[in-house]
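Hi everyone, thanks for making the time. I'd like to walk you through one model today, so please have it up on your screens.

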Amino acid sequence: MRLLLDTHVLLWALDTPGRLPDGLRERPESPGSEVCCSAASIWEIAIKTAPGKANFRYSPEEIARAALDTGFVEVAIRAGHAARVVSLPPHRGDPFVRLLVA
């Protein structure tokens, strides 16, 4: 099974895995599972790390490195992915989630 983590789940998986639901916590360690992360999540963290925004314990660079060191697979974002955002239902307002879904 291939899992693409959103930003919150990526942060929890790296820093506080106890916050993950039981089923999700066990899945990444299952044989045949591929846990993926996206540059969109690192981009979101970088934007929210700007002065006056969210306070993250680690820098975007440290989070990206930890994800790869943990064995998560980075999923490429291509122009076609960004273009597909237009076809998503309007109820998905978060631009980062929309890109992950696309």
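I'll start with the ground rules, then go through the sheet, its cysteines, the helices and two loop residues.

This is a predicted model, with local features needing pLDDT of at least 70 and side-chain atom pairs counting only at pLDDT 80 or more, while totals for chains, interfaces and linings use all residues. Residues are numbered from 1 along each chain as its sequence is written, and side-chain values use heavy atoms, with hydrogens and water left out.

Let's begin with the sheet. When I say helix or strand, I mean a DSSP run, numbered from the N terminus: H or I with at least four residues for helices, E with at least two for strands. There is an open sheet of 3 strands here, in the order β1-β2-β3, and the pairing is parallel. Pairing, by the way, requires that DSSP finds at least two bridges between two strands. At the edges stand β1 (2–4) and β3 (73–75); each has a single partner strand, so one side of each is left without a neighbour in the sheet. On average, neighbouring strands are turned by 35° against each other, direction ignored. For angles, the axes are lines fitted to C-alpha atoms, for helices over the stretch in contact, and values run from 0 to 180 degrees between N-to-C directions.

Now look at β2, residues 34–38, which is joined to β3 by 3 bridges. Another 3 bridges join β1 to β2. β2 is mostly covered, with 4 of its 5 residues buried. For burial I use relative accessible area: buried is under 20%, exposed is over 50%, and partly exposed is in between, with a 1.4 Å probe and protein chains only.

A good residue to click on in β2 is Cys-36. On one side, Leu-4 stands opposite Cys-36; on the other strand, β3, Val-73 stands opposite Cys-36. Contact, in this talk, means heavy atoms within 4.5 Å. Setting aside neighbours within four places in sequence, Cys-36 touches Arg-2, Leu-3, Leu-4, Leu-5, Val-73 and Val-75. With a relative accessible area of 1%, Cys-36 is buried. Cys-37 counts as buried too, at 5% relative accessibility.

With two cysteines next to each other in sequence, you may be wondering: how many disulfides does a search of the whole structure find? The search finds 0. The cut-off is a pair of cysteine sulfur atoms within 2.5 Å. The cysteine sulfur closest to that of Cys-36 belongs to Cys-37, and at 7.6 Å it is too far for a bond. As a reminder, a disulfide is a covalent bond between the sulfur atoms of two cysteines.

On to the helices. Helix α3, residues 39–49, packs on the sheet and touches β2 and β3. The direction of α3 makes about 45° with that of β2. Then there is α1: the axes of α1 and α3 come within 9 Å and cross at roughly 90°. That makes α1 roughly perpendicular to α3, a label that covers 65 to 115 degrees; under 35 is roughly parallel, over 145 roughly antiparallel, and the rest oblique.

Which residues meet there? From α1 we have Thr-7, Leu-10 and Leu-11, and from α3 we have Ser-41, Ile-42, Glu-44 and Ile-45. By class, this contact has 4 nonpolar, 2 polar and 1 charged residues. Here Ala, Val, Leu, Ile, Met, Phe, Trp, Tyr, Cys and Pro count as nonpolar, Asp, Glu, Lys and Arg as charged, and the others, Gly among them, as polar.

Let's zoom in on Glu-44, in helix α3. Is Glu-44 buried or exposed? At 6% relative accessibility, Glu-44 counts as buried. Not counting residues up to four places away in sequence, Glu-44 touches Thr-7, Asp-94 and Phe-96.

Finally, the two loop residues. Pro-17 sits in the loop between α1 (7–15) and α2 (22–26), and is partly exposed, with a relative accessible area of 36%. Ser-33 is in the loop between α2 and β2, and at 22% relative accessibility Ser-33 counts as partly exposed. Ser-33 and Leu-3 are 30 residues apart in sequence, yet their C-alpha atoms are 7.4 Å apart in space.

That's my tour, and I'm happy to go back to any view.
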